[in-house]
Amino acid sequence: VLEFSVRAETCFGQFVAVVGSAPELGNWDTARAVALATDASSYPVWSAKITIKCPSEFKFVKMEECKPPVWEECDNRNLKGGLVSGETNSSTPHFGVNN
């Protein structure tokens, strides 16, 4: 089980999801993306724990009902051996920025 987290400012009605190359992440189909959650104490950090096999590529997307998803405008993020490539366990990546 891996925890996916991202720091993302959202507008009212938006939520953040993760979508990627693995079946557990929707095979790049945003209709099957995994929604992340936040609350008043953790916003703007969104997160979810997902059971996934590595390696895999993924991106975060901002979603809103009846509107197209807003994809990160950065390179795909990578999971290798259970770790997110280029990120440390102590840092939360920013939406659209490869850390």
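**Exercise 1. Place S56 in the strand network.**

Task: Find which residue stands opposite S56 in β7, then list the strands that pair with β5.

Solution.
Step 1. S56 stands opposite L79 in β7. This is a predicted model, in which local features need pLDDT of at least 70 and side-chain atom pairs count only at pLDDT 80 or more, while totals for chains, interfaces and linings use all residues. Residues are numbered from 1 along each chain as its sequence is written, and side-chain values use heavy atoms, with hydrogens and water left out.

Step 2. Fix the terms. Strands (E, at least two residues) and helices (H or I, at least four) are DSSP runs, numbered from the N terminus. Two strands pair if DSSP finds at least two bridges between them.

Step 3. Take β7, residues 77-80. Its pairing with β5 is antiparallel and has three bridges.

Step 4. Take β6, residues 67-71. Three bridges join β6 to β5, and the two run antiparallel. Here E64 has K67 as its bridge partner.

Step 5. Take β2. It pairs with β5 over six bridges, again in the antiparallel sense. V19 has K59 in β5 as its bridge partner.

Step 6. Check the cover on β5. Seven of its nine residues are buried, so the strand is mostly covered; buried means under 20% relative accessible area, exposed over 50%, partly exposed in between (1.4 Å probe, protein chains only).

**Exercise 2. Describe the fold of the chain.**

Task: State how many helices and strands the chain has, and what pattern they follow.

Solution.
Step 1. Count the elements. There are eight strands and zero helices.
Step 2. Read along the sequence. The pattern is β-β-β-β-β-β-β-β.
Step 3. Look at contacts (heavy atoms within 4.5 Å). Of those between residues at least 6 apart in sequence, 58% join residues at least 24 apart.
Step 4. Look at the surface. The chain's accessible surface is about 5800 Å² by the Shrake-Rupley method with a 1.4 Å probe. Carbon and sulfur atoms hold 53% of that surface.
Step 5. Look at burial. Of the 99 residues, 38% count as buried.

**Exercise 3. Map the largest nonpolar core.**

Task: Name the residues that touch the most other members of the largest nonpolar core, and the elements that give two or more residues to this core.

Solution.
Step 1. Define the set. A nonpolar core is made of buried Ala, Val, Leu, Ile, Met, Phe, Trp, Tyr and Cys residues joined through side-chain atoms within 4.5 Å.
Step 2. Find the hubs. The largest core has 17 residues, and F4, V6, V18, L25, L36, I52 and F60 touch the most other members.
Step 3. Assign the elements. Two or more residues come from each of β1 (2-7), β2 (15-20), β4 (45-50) and β5 (56-64).
Step 4. Follow F4. Leaving aside neighbours within four places in sequence, its contacts include V18, L25, L36, W46, I52, F60 and L79.
Step 5. Set the general background. In soluble globular proteins, nonpolar side chains tend to be buried together.

**Exercise 4. Compare the salt bridges.**

Task: Find how many salt bridges there are, and decide whether the residues of each are buried or exposed.

Solution.
Step 1. Apply the rule: a side-chain nitrogen of Lys or Arg within 4 Å of a carboxyl oxygen of Asp or Glu. The count comes to two.
Step 2. Take E72 and R77. Their N to O distance is 2.7 Å. Both residues are buried.
Step 3. Take E64 and K67. Their closest N and O atoms are 3.9 Å apart. E64 is partly exposed, at 25% relative accessible area. K67 is exposed, at 51%.

**Exercise 5. Inspect the backbone and the cysteines.**

Task: Locate the cis peptide bond and the positive phi values of W28 and C66, then give the number of disulfides.

Solution.
Step 1. Find the cis bond. It joins Y43 and P44, with omega about 15 degrees. P44 is in the loop between β3 (34-35) and β4.
Step 2. Take W28. Its phi is near 65 degrees. W28 lies in the loop between β2 and β3 and is partly exposed at 31% relative accessibility.
Step 3. Take C66. Its phi is also positive, near 65 degrees. C66 sits in the turn of the β5-β6 hairpin, which has two residues between the strands. C66 is exposed at 77%.
Step 4. Check disulfides (cysteine sulfur atoms within 2.5 Å). There are zero. C11 is exposed at 54% relative accessibility, and C74 is buried at 14%.
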